[in-house]
Amino acid sequence: MFFKNREEDIELWDRQKDGTEPLLPSTPAHRSFDYVLVAHKVDDDTNQKAQRQQAFIQQLEKKNISITPIDHDDKVFFGLRAPTEMFEDYQYLLKVSDSCNWCGDVRGAVTQATRIRIVHFILHQTFINTGENLDELLMKDVFETTFCLHERKKQKQLKRKWARWTALFTGQPVNDVKCYFGEKVALYYLWLGWYTKLLVPAAALGVVVFLYGLAFFHTNPLIKEVCNSSIIMCPRCDNRCTVWQLSDTCFYAKVSHLFDNEGTVAFAMFMAIWATLFLELWKRHRARHVSQWKVYDWCEEEEELILKIVNDPNCTPKQFRHSYLRSTLVLILVTLMLMLIIGLTQALVVFRVVAAPLMSEGNWAFIRDHASIVAMMLGAVLHYVTIQIMTRVNRWVSLKLCDIEKTNSFAATERSFTVKMFTFQFFTLFSSLFYVAFFLGRINGHPGNYVRIARWRLEECHPSGCLTDLFIQMAVIMLLKQTLNNIFEFTVPWLKSCMSRNSAKKLERKCGYCYRKACRDEQGCVEPCDTCKLRDWLRNYHLANTDAFSLFNEFLEMVVQFSFTTIFVAAFPLAPLLALINNIFEIRLDAIKMVHLERRLVPRKTNDIGVWTKVLEAIGVLAVIANGLVIGVSSDFVPRLVYRYRYGPCANGSTNTHCMQGYINDTLSTAFISHSAVYNDFHINQMRTENGLNVTQCSYRDYRSDEDYTLTSQFWLVLAVRFAFVILFEHVVVVCKFIAAWFVPNNPIQVKNDRLHDKLARLKEELRSHHPLSFVRIQQKKQ
């Protein structure tokens, strides 16, 4: 195999001392290595792993890739450096391509980011005689890992400018990020920075809405009605639950009013329009930068074809194909997966239904008195655990579905995977929230006819409304997800870095064989010695691993957060504020992680955030629908409106009392124990108050007749107004969204003019360089 031994180094040093060999090695064409392969050392050449290693290395040598092997302990490191001709071919094919010829890479020196991208593609498209490629060899442990190297000088510059906690409130050097990590990573940080900046007005207005509710915390007549009430409410569960006073939930009513008030409607409309403006302004922001980076018309599929030709001039393209059988199979499997996720949501509902009565029968007084709230919070925590488990399952299933589809390019596979993974994650995250928002307390029945799962009654909403349940569920999931994810996301690579930091330092600097200044000169032209090469390789080897999912995971996390911020914002006006605080730290956390704690990501060239734009647009539309339903169906906004103008004191001409006086009592119906069905639902012991007083009736939240328990006319009027409000709200907001999208063009005029002048200049340059006589003749005609 390719190992340098100590005798060769000593012989070289002797020749240098005698003057027969130059003291400094000749200047290499490219000082840095493009990629590094790592494998376990195998001494037996007849071993299959050794033969496969040898075969793969030979295939790379046939492509004129120079290989520098260095052994260290039980491993061997292969430094790879591609030939100049390979990059010249790449530049020429870019120049004659349809969509990539505007790129700045068609002329001048090839950047290290471009070299890494090309070599990465060639490595993964190299096959040995058994038909195995690098991915399969890695799976079979023929090679341990692969990685590209950090550039020490640029890495230090990014640390100083960007990847440090003290730069928390400074701008991002996206151009430097683009040059080092590629356009794909730069666009992620550009998008995240823009999203964070536009969260400022949303967060400020959300705080104003919260403070509006807080201002009437003690003076609101509805809160006073609950706190001063003497109404006896029906037992919340079977067996040990007894009747209770409505005034016992005074604090709960106050908290509910913080998020269920008139300001919430205006804020929900604002956030729906904000989501549209954010996307339209982002498209303009993106256009300015991709135009500046010369990738406005860039096509990833076309570059993939170019890389295939560079790798193998005799290659054949992977044909487009469509199979109705495969599409049907994928559709069926996706449906089954969604049914499984929804089934898990139903399991969480069953947990809450069972947990609440069991805890109400427990020995701990606090848990017994607050069984419903504790069950709700435990359900939210269990939901978070389910999310963490299902995230891994969803990824595996999405990859298998992409394998079934057999797309024709990596970019197409990435788009397909993104759509499937986000769909699964969305259902995993939001199915439980949709249940709480639109079904909780509406399908549980009434005294004498409760809906049950086995022997347990379904949950009920609080008399103050169901919105607080949704708020608690969102707050727990959002706080846990953001906080714990960021902690694990940072501490895992940080601990790995701390534990393995000394491994690279164990190499003793062999001064006799290492010219210190030459090896340490980052601008120098001297080939480093093997000791310095190995030290640099080990430094990168011991960093946390990165792969194609690394950036995808960051995007997925932020898009899910965007969903939380917009879809149910009517129930949680502080969501934009939490998102803003999280993102301020998220930008630096991701930067420190990518620059300092992880191996270098393979730079990818692109001109957009891809299918994520379509996903964000879909979330914006869904946000309009969900917020309209939350306000119209989940909140008490519409019932309060109907009561004020149809049934309240003001509607009857009274001016001596508040217009909402008596609203709480109006939303309650009465159950009489004398009714046989009610008598069967409640035991005699349950109808006894804390003072030992036996009661013969109790109240529950619903619009029902006290005689035959049928729905009253007020219920149907409220229901009609609810649907009318939802339709009106959504139509008004959708029209506003369309106007906003039309009013803000995607491309700034300056970008269009710059591209026009640039195209003209390039055409003139082509004419001047390839047909100078024609260019002179045209100039003479103009004179």
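Helices and strands here are DSSP runs, with at least four residues for a helix and at least two for a strand, numbered from the N terminus. Counted that way, the protein chain has 28 helices and 12 strands. Keep in mind that you're looking at a predicted model. Here's a quick tour, starting with the whole chain and then zooming in on single residues.

**The whole chain**

- The chain runs to 783 residues, and 52% of them count as buried.
- Take the contacts in the chain with a separation of 6 or more: residues 24 or more positions apart account for 80% of them.
- The chain exposes about 37600 Å², with carbon and sulfur atoms supplying 60% of that.

**Salt bridges**

- Side chains of opposite charge can pair when their charged atoms come close.
- This structure holds 26 salt bridges.
- One of them joins glutamate 132 to arginine 52, with 3.4 Å between the closest N and O atoms. Glutamate 132 sits in the loop between α4 (112–124) and α5 (134–139), while arginine 52 belongs to helix α2 (residues 48–62), so this pair ties together parts that are 80 residues apart in sequence.
- The two partners don't get the same label: glutamate 132 is buried because its relative accessibility is 5%, under the 20% cut-off, whereas arginine 52, at 22%, counts as partly exposed.
- Glutamate 280 pairs with lysine 283, and here the closest N and O atoms are 3.6 Å apart. Both lie in helix α11 (residues 262–292), 3 residues apart, which is about one turn of the helix. Both residues are buried, too.
- Aspartate 702 and arginine 704 also meet through their side chains, at 2.9 Å from N to O. Here again, aspartate 702 and arginine 704 are buried.
- Then there's a network: Lys184, Glu300, Glu414 and Arg604 are linked by salt bridges.

**Patches on the surface**

- A positive surface patch is made up of Lys318, Arg321, Arg326 and Lys406.
- One of its members, lysine 318, is in the loop between α12 (300–311) and α13 (324–360). With a relative accessible area of 43%, lysine 318 is partly exposed.
- There's a nonpolar patch as well, covering about 450 Å² and built from Leu329, Ile332, Leu333, Leu336 and Met339.
- Leucine 333, from that nonpolar patch, is found in helix α13. Its relative accessibility is 30%, so leucine 333 counts as partly exposed.

**Buried residues and what they touch**

- Asparagine 627 is part of helix α22 (residues 612–634). Its relative accessible area is 0%, so asparagine 627 is buried.
- If you skip its neighbours within four places in sequence, asparagine 627 is in contact with Ala268, Thr566, Ile567, Phe568, Val569, Ala570 and Phe729.
- Tryptophan 537 lies in helix α19 (residues 530–541), and at 1% relative accessibility it counts as buried.
- Leaving out residues up to four places away in sequence, tryptophan 537 touches Phe33, Val36, Thr68, Ile70, Phe77, Phe78, Gly79, Phe147 and Leu149.
- Tryptophan 537 and histidine 150 are 387 residues apart in sequence, yet their C-alpha atoms are 9.3 Å apart in space.
- Phenylalanine 471 belongs to helix α17 (residues 467–505). Its 15% relative accessibility is under the 20% cut-off, so phenylalanine 471 counts as buried.
- Again leaving out residues up to four places away in sequence, phenylalanine 471 touches Val255, Phe259, Ala571 and Phe572.
- Phenylalanine 471 and proline 573 are 102 residues apart along the chain, with 9.2 Å between their C-alpha atoms.

**A helix and its packing partners**

- Which residues are buried in helix α23 (residues 637–647)? They are Phe637, Val638, Pro639, Arg640, Val642 and Tyr643.
- The buried residues of α23 pack against α9 (221–227), α11, α22, α24 (663–666) and α26 (713–743).
- Two of those partners have come up already: α11 holds the glutamate 280 and lysine 283 pair, and α22 is where you'll find asparagine 627.

Terms used
Residues are numbered from 1 along each chain as its sequence is written. This is a predicted model: local features need pLDDT of at least 70, side-chain atom pairs count only at pLDDT 80 or more; totals for chains, interfaces and linings use all residues. Side-chain values use heavy atoms; hydrogens and water are left out. Patches are made of residues with over 30% relative accessible area and no salt bridge: like charges are joined within 9 Å, nonpolar side chains (Val, Leu, Ile, Met, Phe, Trp, Tyr) within 5 Å. Accessible areas come from the Shrake-Rupley method with a 1.4 Å probe; for residues, only the protein chains shown count as cover. A salt bridge is a side-chain nitrogen of Lys or Arg within 4 Å of a carboxyl oxygen of Asp or Glu. Lys and Arg count as positive and Asp and Glu as negative; His and the chain ends are not counted. The place of a charge is taken as NZ of Lys, CZ of Arg, CG of Asp or CD of Glu. Buried means under 20% relative accessible area, exposed over 50%, partly exposed in between (1.4 Å probe, protein chains only). Contact means heavy atoms within 4.5 Å.
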